[in-house]
Amino acid sequence: MECIDVRQLGPEDVEFHWIEPAGTLGLENEAVFRFPVAIDVKARRIGTRVIVTGAVGCRVRLECSRCLEPFEDSIRAEVAVEFREGPPPGLKKDVVRDSDMDASYYTAPLIDLRDDLRQILLVAAPAYPVC
C-alpha cells in the first residue's frame, strides 16, 4: 500500500485514491473481507499535524444471521483521522491527555494508513448481517 508523504502536503487538500487487496490492510484472516478495498481520502498538513478525511469501502461476504445463507453486500465508512508526528504518548513517561487518545501518530516523512483503515472497516462490518 502506498503511504502519504507528509513532505508533499500543505494547507490545501491533496487527494489519494487506491484500490488494495484486503490482505494489504491486514484483513486476510477476516472471513468477510475477500474483495479489494477502495480508498478515497484527502490529506492536508497543519503544522506537524495531518488531517485525513474521506471514505473507504469494499464488498464483503457475509452469512445471514437469520437464515445462515451466505450473501454479498457493500460497506462504506467515513474516514476522519488526525495524525500527529512522533511516538504515541505513553511510550515514554509522558502524561497521556484525553486529546492524545483521539489521534494517531506517524514517523516522518510517511504516514501509513493501514491500521486506521483496518479498524474503520472492522467497525463498519455488520455484527448481525441480514440478507
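Tutor: Let's start with a term: a salt bridge is a side-chain nitrogen of Lys or Arg within 4 Å of a carboxyl oxygen of Asp or Glu. This is a predicted model, where local features need pLDDT of at least 70, side-chain atom pairs count only at pLDDT 80 or more, and totals for chains, interfaces and linings use all residues. Residues are numbered from 1 along each chain as its sequence is written, and side-chain values use heavy atoms, leaving out hydrogens and water.

Student: By this rule, how many salt bridges does the count come to?

Tutor: Side chains of opposite charge can pair when their charged atoms come close. One such pair is arginine 7 and aspartate 5, whose side chains meet at 2.8 Å, N to O. By this rule the salt bridges come to eight.

Student: Is aspartate 5 buried or exposed?

Tutor: Buried means under 20% relative accessible area and exposed means over 50%, with partly exposed in between (1.4 Å probe, protein chains only). Arginine 7 has 59% relative accessibility and so counts as exposed. Aspartate 5 has 13%, so aspartate 5 counts as buried.

Student: What pattern does the chain follow, read along the sequence?

Tutor: Helices (H or I, at least four residues) and strands (E, at least two) are DSSP runs, numbered from the N terminus. The chain has two helices and seven strands. Read along the sequence, they follow the pattern β-β-β-β-β-α-β-β-α.

Student: Which residue forms a salt bridge with glutamate 72?

Tutor: The closest N and O atoms of this pair are 3.4 Å apart. The pair links distant parts of the chain, 13 residues apart, with glutamate 72 in strand β5 and its partner in strand β4. Glutamate 72 is partly exposed at 37%, and the partner is partly exposed at 36%. That partner is arginine 59.

Student: Which residues are joined into one network by salt bridges that share partners?

Tutor: One link is the salt bridge between arginine 84 and glutamate 82, with the closest N and O atoms 2.8 Å apart. Shared partners make one network out of Arg49, Glu82 and Arg84.

Student: Which elements give two or more residues to the largest nonpolar core?

Tutor: A nonpolar core is a set of buried Ala, Val, Leu, Ile, Met, Phe, Trp, Tyr and Cys residues joined through side-chain atoms within 4.5 Å. This one has 33 residues, and those touching the most other members are Ile4, Phe33, Val50, Val52, Val56, Leu113 and Leu121. The elements that give it two or more residues are β2, β3 (37-46), β4 (49-63), β5 (70-85) and α2 (114-124).

Student: Which residues is leucine 121 in contact with, leaving aside its neighbours within four places in sequence?

Tutor: Contact means heavy atoms within 4.5 Å. One residue on the list, cysteine 58, is buried with a relative accessible area of 7%. With those neighbours left aside, leucine 121 is in contact with Leu25, Leu27, Phe33, Val37, Val56, Cys58 and Ile75.

Student: How many disulfides does a search of the whole structure find?

Tutor: A disulfide is a covalent bond between the sulfur atoms of two cysteines, and the cut-off used here is a pair of cysteine sulfur atoms within 2.5 Å. The sulfur of cysteine 67 is 3.7 Å from the closest cysteine sulfur, in cysteine 64, so that pair is too far for a bond. The number of disulfides found in the whole structure is zero.

Student: Which side chain makes a polar contact with the side chain of aspartate 13?

Tutor: A polar contact is a pair of N or O atoms within 3.5 Å; within protein, one must be able to donate a hydrogen and the other to accept it, and residues adjacent in sequence count only if both atoms are side-chain atoms. Aspartate 13 lies in the loop between β1 (4-5) and β2 (14-20), and is partly exposed at 41%. At 3.3 Å, its polar contact is with the side chain of arginine 44.

Student: Which side chain does a polar contact join to serine 104?

Tutor: Serine 104 is found in strand β6 (residues 103-106) and is buried, with a relative accessible area of 15%. The polar contact spans 2.6 Å, and the partner side chain is that of aspartate 116.

Student: What is the omega of the peptide bond from alanine 108 to proline 109 near?

Tutor: Most residues other than glycine have a negative phi, and most peptide bonds are trans. Proline 109 is found in the loop between β6 and β7 (110-111). The bond from alanine 108 to proline 109 is cis, with omega near 10°.
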